[in-house]
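Here is a walk through one model, strands and helices first and the pocket after that. Keep the viewer open as you read.

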Amino acid sequence: MGCGDLFFSLLITFSAALITYNILISANAPLKQELPGPSSRSSLLVDPIIKMPFERSSSGKKRLFHTAVTASDSVYNTWQCRVMYYWYKKHKDGPNSEMGGFTRILHSGKPDKFMEEIPTFIAQPLPSGMDQGYIVLNRPWAFVQWLQKADIKEDYILMAEPDHIIVKPIPNLSKGGLGAAFPFFYIEPKKYESVLRKYFPEDKGPITTIDPIGNSPVIVGKESLKKIAPTWMNISLAMKKDPETDKAFGWVLEMYAYAVSSALHGVGNILYKDFMIQPPWDTEVGKKFIIHYTYGCDYDMKGKLTYGKIGEWRFDKRSYDNVAPPRNLPLPPPGVPDSVVTLVKMVNEATSNIPNWGS
């Protein structure tokens with residue numbers, strides 16, 4: 001083990017054992033002064049859910065961002081990454097694109113057979129048992145390692161996920177020192193203020209300073225993310241260790257941890273509702289940039305949604321946790337929304353064109 005790896009392993013071990021709210025705040029207070037403060041966000045507080053055109057620099061030079069996706073080496077994560085990378089490549093050089101490089105941050109700690117197909121950085125997983133069965137805790141730790149060790153040419157980062165399909169070329173949606181993020185209806189800082197005050201004290205500002213976001217999709221400045229990521233890792237570990245917080249946030253705990261960390265460092269976000277759609281609830285692709293297929297899509301043969309009940313026709317990523325989906329999945333029956341039809345067609349195109357699919 002190199003000195004760098006030893007340092008990081010010791011860092012997270014001590015963080016998990018010793019982190020307290022006071023240590024966290026005092027350690028990060030100086031960093032906040034170097035980043036945009038609340039004054040830069042004041043115009044957004046009245047109506048934070050906005051549509052905002054992408055911004056070019058006055059010179060017309062593109063503000064490229066690097067797309068980064070964390071993943072394990074499971075079959076489930078791997079086939080999703082292969083599909084995602086296919087569509088990244090297809091749209092990278094399209095009109096209005098400011099998409100730069102791409103990295104799969106593989107937190108299995110060792111190479112897999114897709115290293116040549118997908119640009120990959122190998123990150124070490126958390127020490128055994130530290131994730132407490134919540135594998136998503138490896139995400140912030142993987143980002144810490146990548147940001148520390150990788151040579152990232154772009155000045156901005158798009159944090160994405162394996163189950164994202166890029167529908168069209170993505171411009172840099174961030175603006176004026178703010179990140180650009182998708183607002184999630186189930187991230188509710190005001191509802192959980194009493195819990196969040198353990199990590200975001202009153203002297204840091206109103207609880208509404210915490211944006212209703214996760215870490216993905218988010219476009220954020222690289223230097224800002226370098227400061228946010230260690231805090232995100234430590235708060236994630238602290239939240240998981242605290243029974244009250246763990247019970248309150250459940251599977252979205254790491255999303256809350258990112259939102260808190262971004263706020264602690266004074267990095268506000270444009271809440272861009274057109275960033276992505278989530279079928280089957282969102283029915284039209286429209287002007288959106290990403291399809292996030294986190295929910296199962298179940299329909300009867302008349303095109304009626306049967307959510308909560310396995311449909312006569314279905315597409316659910318969880319059906320393919322141990323084996324990649326076959327090529328040429330059956331298309332939905334008539335009457336199924338455009339978003340679901342587009343999703344299946346895009347999966348089919350990718351699998352038909354990716355060499356050695358299913359291997």
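A word on pairing before anything else: two strands count as paired here if DSSP finds at least two bridges between them. Keep in mind, too, that this is a predicted model.

**Around strand 8**

With that in hand, take strand 5 (residues 156-160) and strand 8 (residues 218-221), which pair in the antiparallel sense over 4 bridges. Leu158 stands opposite Ile219 in strand 8. Strand 8 also pairs with strand 7 (residues 179-181), again in the antiparallel sense, over 2 bridges. On that side, Ala180 is the residue that stands opposite Ile219. So Ile219 turns up twice: it faces Leu158, and it faces Ala180 as well.

Strand 5 has another partner to look at. Strand 2 joins strand 5 through 5 bridges, and these two run parallel. Ala68 has Met159 of strand 5 as its bridge partner, while Met159 in turn has Val218 of strand 8 as a bridge partner. How enclosed is strand 5 by the rest of the structure? Largely, because 4 of its 5 residues are buried.

Here are the pairings with their bridge counts:

| Strands | Direction | Bridges |
|---|---|---|
| strand 2 and strand 5 | parallel | 5 bridges |
| strand 5 and strand 8 | antiparallel | 4 bridges |
| strand 7 and strand 8 | antiparallel | 2 bridges |
| strand 10 and strand 11 | parallel | 2 bridges |

**A three-stranded sheet**

The last row of the table belongs to an open sheet of 3 strands, in the order 6-11-10, with mixed pairing. Strand 6 (164-166) and strand 10 (276-277) stand at its edges with a single partner strand each, so one side of each has no neighbour in the sheet. Strand 10 runs parallel to strand 11 (residues 290-292), and 2 bridges join them. One contact to pick out is Ile277, which stands opposite Ile291 in strand 11.

**Two helices**

Helix 6 (residues 222-241) has 20 residues and reaches 29 Å from its first C-alpha to its last, close to the 28 Å expected. Where does helix 6 bend? The bend is about 30° and sits at Ile228, with a proline, Pro230, following within four residues. Helix 6 is also largely enclosed by the rest of the structure, because 16 of its 20 residues are buried.

Helix 8 has 12 residues, and its end C-alpha atoms are 17 Å apart, which agrees with the 16 Å it should span at 1.5 Å a residue. Is helix 8 mostly covered or mostly open? It's mostly covered, with 12 of its 12 residues buried. Among these buried residues are Glu254, Tyr256, Tyr258 and Ser261. Just after helix 8, Gly266 takes a positive phi of about 70°.

**The largest pocket**

Now for the empty space: the largest pocket holds about 740 Å³. It is lined by 31 residues, and the closest to its centre are Val136, Arg139, Glu161, Asp163 and Lys317. By class, the lining has 12 nonpolar, 13 polar and 6 charged residues.

Some elements met above come back here. Strand 2 (65-71), helix 3 (75-91) and helix 8 (253-264) each supply at least two residues of the lining. Which helix gives the most to the lining? That's helix 3, with 3 residues. So helix 8, whose residues are buried 12 out of 12, also has at least two residues in the lining of the largest pocket.

How values were computed. Residues are numbered from 1 along each chain as its sequence is written. This is a predicted model: local features need pLDDT of at least 70, side-chain atom pairs count only at pLDDT 80 or more; totals for chains, interfaces and linings use all residues. Side-chain values use heavy atoms; hydrogens and water are left out. The expected span of a helix is 1.5 Å times one less than its number of residues. The bend at a residue is the angle between axes fitted to the seven residues ending there and the seven starting there. Buried means under 20% relative accessible area, exposed over 50%, partly exposed in between (1.4 Å probe, protein chains only). On a 1 Å grid over the protein atoms alone, a cavity is a set of points where a 1.4 Å probe fits but cannot get out, and a pocket is an open set with protein on both sides within 12 Å along at least five of seven lines; lining residues have an atom within 4 Å of a point. Grid points are joined across faces, edges and corners, and a volume is the space filled by probe spheres set on the points. Ala, Val, Leu, Ile, Met, Phe, Trp, Tyr, Cys and Pro count as nonpolar, Asp, Glu, Lys and Arg as charged, and the others, Gly among them, as polar.
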